[in-house]
Amino acid sequence: EDVELPATLDGYRQALDTVARYPLVDKVGIECTGSYGAGITREFTAAGYSVVEVNRPNRFDRRRQGKTDQFDAYAAAEAVLSGRAKAIPKSNDGLVQSLRVLRTTRSSAVRDRTATINQIKAMLVASPDSLREKYRGLTTAKLINALAATRPPAEPVTAAESTVVSLRLLARRYKFLGEQANDLTRQITRLLKEHAPALMDVYGAGPDSIAQLLITAGDNAERLHSERHFAALAGTSPIPASSGKTHRHRLNRGGDRQANSALHRIILVRMHYDQRTRDYVERRIAEGKTKREIMRCLKRYLARELFPLILSALKPIQSPSST
């Protein structure tokens, strides 16, 4: 039976009613469970069905059969029945979802703030000499404060006056975005201290790195079968690249690169300030390992260290209004 339903709450409930006609169905395959399919995933999960994350259909099949919603639905069902699709979708309703929305907003604020200061400096380079000399040599903080405090004419006429007006607006935008980023950082830190204090105590780990690792893991801990699974998810599981008498491993370019970057930042801090890590690096260098190979090993050890702490942090949280 082929049924086409709208992607609304009523449509999701109609889908539930349609599937309920078949009592033997206990598992449902859904694409994009973290974005477009999040709504219907929540409805089917609440109804007691086991939801499986389904990747997009094979490219060869799409080239051979074409692309329609009906083909995609059949491909999803076939992937679940064959056992090829096994991934458990993220629940998107706990600590991790809170961190995800806060961190996404913070990342965009930081990105836009960087673009703003670059625009300010580019505008100053092309500005008249008298204006450029006035702000030459100032640090970023002093430059922003000086530009934000200017009093340009309300109706600029010359190019210099228009430049001053634009620089003042950009400086105020930079300060506003900075305040947003700082406020969001405080919110992220508060959540982590309340619900993941052990992770916050990890040497070299800051709130941004810890938040990213939890986002990569997802709210529901059952998605992570073992610390090896988490290491592969973070792209830290080494891949053999041996040949002949050469025995080595190379970088795993799979997994979540943002999680890998978070582990990389923690390792950099430890390599500079943690004596045990520095001793390990010296020992491995003496064995003939390169710095890049050593960092890959350290990331793998760090993933193993963080895995039980992440599992303990992935517990359902309740807002004060729900208690």
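What is the volume of the largest cavity? In this predicted model, the largest cavity has a volume of about 30 Å³. The structure holds one cavity of 30 Å³ or more.

The residues around this space can be named. R106, T185, I188, T189, P207 and D208 line the largest cavity. Two elements give two or more residues each to this lining: α8, which covers 159-195, and α10, which covers 207-217. The largest share comes from α8, with three residues. By character, the lining of the largest cavity divides into two nonpolar, two polar and two charged residues. As for how such a space is found, rolling a probe the size of a water molecule over the atoms shows where empty space is left.

Helix α8 also holds V165. Which residues does V165 contact, leaving aside its neighbours within four places in sequence? They are P152, P153 and P156. Another residue of that part of the chain can be placed by distance: E155 is ten residues from V165 along the chain, and the C-alpha atoms of the two are separated by 9.2 Å.

Helix α10, already met at the cavity, takes part in a helix pair with α14, which spans residues 291-313. The axes of α10 and α14 come within 11 Å and cross at roughly 75°. Angles of 65 to 115 degrees count as roughly perpendicular, and α10 and α14 are therefore roughly perpendicular to each other. On the α10 side the contact is made by L213, L214 and A217, and on the α14 side by L306, I310 and A313. The residues of this contact divide into six nonpolar, no polar and no charged.

A second pair is formed by α5 (residues 95-125) and α7 (residues 140-148). Their axes come within 12 Å, with a crossing of roughly 75°. The helices α5 and α7 are therefore roughly perpendicular to each other. From α5, the residues I117, I120, K121 and L124 make the contact, and from α7 they are T140, L143, I144 and L147. Six of the residues in the contact of α5 with α7 are nonpolar, one is polar and one is charged.

The last pair lies in an earlier part of the sequence, where α1 covers residues 9-20 and α2 covers residues 38-46. At what angle do α1 and α2 pack? The angle is about 45°, and the axes are 10 Å apart. That makes α1 oblique to α2. The crossing of α1 past α2 is right-handed. In α1, the residues L9, Y12, R13, A15, L16 and V19 take part, and they meet G39, I40, E43 and F44 in α2. How do the residues of this contact divide by character? There are seven nonpolar, one polar and two charged residues in the contact of α1 with α2.

Definitions and conventions:
Residues numbered from 1 in each chain as written. Predicted model: local features only at pLDDT ≥ 70, side-chain atom pairs only at ≥ 80, totals over all residues. Heavy atoms only, no water. Axes fitted to C-alpha atoms, helices over the stretch in contact; angles between N-to-C directions. Helix = DSSP H or I, 4+ residues; strand = E, 2+ residues; numbered from the N terminus. Parallel < 35°, antiparallel > 145°, perpendicular 65-115°, else oblique. Left-handed = near helix turned anticlockwise from the far one by under 90°. Contact = heavy atoms within 4.5 Å. Nonpolar A, V, L, I, M, F, W, Y, C, P; charged D, E, K, R; others polar. 1 Å grid on protein atoms, 1.4 Å probe; cavity = no way out; pocket = protein on both sides within 12 Å on 5 of 7 lines; lining within 4 Å. Points joined across faces, edges and corners; volume = space filled by probe spheres on them.
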